[in-house]
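Reader: I have a protein model open on my screen and would enjoy going through it with you. Could we take it step by step?

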Amino acid sequence: MRTRRIPSAWPIYITAAFWLLYGLACPIYQFKHLITAVCVSIVVYVLASKFLPGRVVEIPVSTGDEALDAQIAQGRALLNSLREKRGQIANVAARAQLDRMIKAGEAIFDALVQQPARANQLRKFLNYYLPTAEDLLESYVQILQLPATPSENVKKVCYSVESALPLMADAFEKQLDSLYGADALDITADVEVLKTMIEREGLTKERVFNLIDEDARGNDPQP
């Protein structure tokens, strides 16, 4: 989606109403009153435009490929989810990594709309990086919202998610670089490192939610 601001018509209506009222109150045909009306109406229009700026609308963007358009829409929805979760995180370092991911993700989708043929270069990003990032952040936010002091196991998971975020941000930015570089970057090694980290630390969504549930019940988490 692209956005465009549509100006409000209210500043024009308000300015016209001023001219009508001023004309009823003063002899606007006189030069001094005409100049006064012009000057004041400009101020009225500027102020009205400031307080009534209009609205921002989303403009659908199509690549001509319905399947790719659906994938882009789904990806942008995941980016919006990351943006929402960012607002629930107080950790400055984690927020900074999310900023990197969101910025790179938006640039990737903008590039993909312009160059749909590049979709094959973004399969890892669309099918693995972005969904995995959203899952990790959902788990992380769930941990942050625990009402009681989390157990050491849950704290470890939280730390593991924070440790994975820089790697995720690097992966996002490398995918973006691969679209503009002369040669596509080989990021297979990064994928394997991230997969290994997630498996070793037990950072799957189901595993983390089980830990949170067990911690909330005061039970010892199962290995």
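The questions below go from confidence and overall fold to single residues.

Reader: Happy to start with trust. What is the mean pLDDT of the protein, and what share of its residues reach 70 or more?

Author: Good place to begin, since this is a predicted model. The mean pLDDT of the protein is 77. The share of residues that reach 70 or more is 71%.

Reader: Which helix has the lowest mean pLDDT among the elements, and which has the highest?

Author: At the low end is helix H8, residues 205-217, with a mean pLDDT of 54. Where pLDDT is low, the predicted coordinates should not be read in detail. At the high end, with a mean of 91, is helix H1, residues 10-25. So the answer is H8 for the lowest and H1 for the highest.

Reader: How many contacts does the stretch 182-187 have in the model, beyond near neighbours in sequence?

Author: Please take this stretch with care, as the pLDDT is below 50 over residues 182-187. Residues 219-223 also have a pLDDT below 50, and that stretch has eight contacts beyond near neighbours in sequence. For residues 182-187, the number is nine.

Reader: Now the fold. What pattern does the protein follow along the sequence?

Author: The ingredients are eight helices and two strands. Read along the sequence, they give the pattern β-α-α-β-α-α-α-α-α-α.

Reader: How much of the protein counts as buried?

Author: Let us look at the surface and then the interior. The protein exposes about 13400 Å², with carbon and sulfur atoms supplying 57% of it. Of the 223 residues, the share that counts as buried is 35%.

Reader: Which region does UniProt annotate as "transmembrane region"?

Author: The annotation comes from an unreviewed UniProt entry. In the model, the chain over residues 7-25 is 84% helix and 0% strand, and the end C-alpha atoms are 30 Å apart. The annotated region is residues 7-25.

Reader: Let me zoom in on Thr15. Is Thr15 buried or exposed?

Author: Thr15 is found in helix H1. Leaving aside neighbours within four places in sequence, Thr15 is in contact with Ser41, Val44 and Tyr45. Its relative accessibility is 12%, and the cut-off for burial is under 20%, so Thr15 counts as buried.

Reader: And Ala9, how far apart in space are the C-alpha atoms of Ala9 and Pro53?

Author: Ala9 lies in the loop between strand S1 (2-6) and H1. At 32% relative accessibility, Ala9 counts as partly exposed. Along the chain, Ala9 and Pro53 are 44 residues apart, while their C-alpha atoms are separated by 9.2 Å.

Reader: Which elements give two or more residues to the largest nonpolar core?

Author: This core has 41 residues, and those touching the most other members are Leu82, Met101, Phe125, Leu130, Leu137 and Phe172. The elements that give two or more residues to the core are helix H3 (66-86), helix H4 (92-114), helix H5 (123-144) and H6.

Reader: What is the geometry of the aromatic pair formed by Phe125 and Phe172?

Author: The structure holds five aromatic pairs. A pair of aromatic rings is described by the distance of the centres and the angle of the planes. For Phe125 and Phe172, the centres are 5.0 Å apart and the planes meet at 75°. Planes over 60 degrees apart count as edge-to-face, so this pair is edge-to-face.

Reader: Why does this pair tie together parts that are 47 residues apart in sequence?

Author: Both partners are buried, Phe125 as well as Phe172. Ring pairs also link Phe109, Phe125 and Phe172 into a cluster. The pair ties those parts together because Phe125 lies in helix H5 and Phe172 in helix H6.

Reader: One more from helix H5. With which residues is Glu134 in contact, leaving aside neighbours within four places in sequence?

Author: Glu134 has its place in helix H5. Its relative accessibility is 10%, and under 20% means buried, so Glu134 counts as buried. Its contacts, with those neighbours set aside, are Leu78, Ser81, Leu82 and Lys85.

Reader: Last one: is Tyr159 buried or exposed?

Author: Tyr159 lies in helix H6, residues 152-180. The C-alpha atoms of Tyr159 and Tyr140 are 9.2 Å apart in space, with their positions 19 residues apart in sequence. The relative accessibility of Tyr159 is 58%, and the cut-off is over 50%, so Tyr159 counts as exposed.

Notes: Residues are numbered from 1 along each chain as its sequence is written. This is a predicted model: local features need pLDDT of at least 70, side-chain atom pairs count only at pLDDT 80 or more; totals for chains, interfaces and linings use all residues. Side-chain values use heavy atoms; hydrogens and water are left out. pLDDT is the predictor's confidence in each residue, from 0 to 100. Helices (H or I, at least four residues) and strands (E, at least two) are DSSP runs, numbered from the N terminus. Contact means heavy atoms within 4.5 Å. Buried means under 20% relative accessible area, exposed over 50%, partly exposed in between (1.4 Å probe, protein chains only). Accessible areas come from the Shrake-Rupley method with a 1.4 Å probe; for residues, only the protein chains shown count as cover. UniProt positions are given in the numbering used here, feature names are shortened, and annotations may be inferred rather than shown by experiment. A nonpolar core is a set of buried Ala, Val, Leu, Ile, Met, Phe, Trp, Tyr and Cys residues joined through side-chain atoms within 4.5 Å. Rings of Phe, Tyr and Trp (its six-membered ring) pair if their centres lie within 6.5 Å; planes under 30 degrees apart count as stacked, over 60 as edge-to-face and the rest as tilted.
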